[in-house]
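Please look over the sequence and the model below before reading on. The briefing that follows is arranged by topic and is meant to be read beside them.

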Amino acid sequence: GDKFLHYLAFAALVLPCAILTPRRLMVVAPAALVYGAVIELVQPSVGRSAEWLDLVADAIGIVCGILAGLGFSLSLRRQ
């Protein structure tokens with residue numbers, strides 16, 4: 001449940017960039033992963049626990065969002 005939501009959120013975060021400005025993925029993808037890591041590092045200071053599997057789910061979401069966006073963009077160009 002929780003990991004799937006992380007996956008979806010980070011896929012949705014990078015998907016528009018992958019579709020519209022794929023050249024910026026070299027900056028956006030690492031920035032998204034750093035964002036996920038910062039969230040995990042901050043959580044203990046607000047009474048929540050850091051779960052590193054959340055960061056793994058974020059990374060998988062980033063990769064899948066990029067692949068889906070690039071695939072969609074490529075299919076649009078072929079039409």
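How many disulfides does a search of the whole structure find? The search finds zero, and this applies to a predicted model. The points below begin with the cysteines and then turn to two buried residues and a nonpolar patch on the surface.

**Cysteines**

- Cys17 takes part in no disulfide, and the nearest cysteine sulfur to it, that of Cys64, is 16 Å away.
- Cys64 is likewise in no disulfide, the nearest cysteine sulfur being that of Cys17, 16 Å away.
- A disulfide here requires two cysteine sulfur atoms within 2.5 Å, and the sulfur of Cys64 lies 16 Å from that of Cys17.
- Cys17 counts as buried, with a relative accessibility of 10%, whereas Cys64 is partly exposed, with a relative accessible area of 29%.

**Ile62 in helix H3**

- Ile62 belongs to helix H3, which covers residues 52-78, and it counts as buried because its relative accessibility of 6% falls under the 20% cut-off.
- Leaving aside residues up to four places away in sequence, Ile62 touches Phe10, Ala11, Val14, Ala29, Ala32 and Leu33.
- One of these partners, Phe10, is 52 residues from Ile62 in sequence, yet the two are 5.4 Å apart in space when taken from C-alpha to C-alpha.

**His6 in helix H1**

- His6 is found in helix H1, made up of residues 2-20, and this histidine is buried, with a relative accessible area of 15%.
- The side chain of His6 makes a polar contact with the side chain of Asp54, at a distance of 3.4 Å.
- When residues up to four places away in sequence are not counted, His6 touches Glu40, Asp54, Ala57 and Asp58, so that Asp54 appears both among the residues touched and as the polar partner, contact meaning heavy atoms within 4.5 Å.

**Nonpolar surface patch**

- Val34, Val38, Leu41, Val42, Val46 and Trp52 together make a nonpolar surface patch of about 580 Å².
- Helix H2, residues 25-42, supplies the largest share of this patch, with four residues.
- Val42, one of the patch residues, lies in helix H2 and is partly exposed, with a relative accessible area of 41%.
- Val42 can be counted in the patch because its 41% is over the 30% relative accessible area that patch residues must have.

Notes
Residues are numbered from 1 along each chain as its sequence is written. This is a predicted model: local features need pLDDT of at least 70, side-chain atom pairs count only at pLDDT 80 or more; totals for chains, interfaces and linings use all residues. Side-chain values use heavy atoms; hydrogens and water are left out. Patches are made of residues with over 30% relative accessible area and no salt bridge: like charges are joined within 9 Å, nonpolar side chains (Val, Leu, Ile, Met, Phe, Trp, Tyr) within 5 Å. Accessible areas come from the Shrake-Rupley method with a 1.4 Å probe; for residues, only the protein chains shown count as cover. A salt bridge is a side-chain nitrogen of Lys or Arg within 4 Å of a carboxyl oxygen of Asp or Glu. Helices (H or I, at least four residues) and strands (E, at least two) are DSSP runs, numbered from the N terminus. Buried means under 20% relative accessible area, exposed over 50%, partly exposed in between (1.4 Å probe, protein chains only). A polar contact is a pair of N or O atoms within 3.5 Å; within protein, one must be able to donate a hydrogen and the other to accept it, and residues adjacent in sequence count only if both atoms are side-chain atoms.
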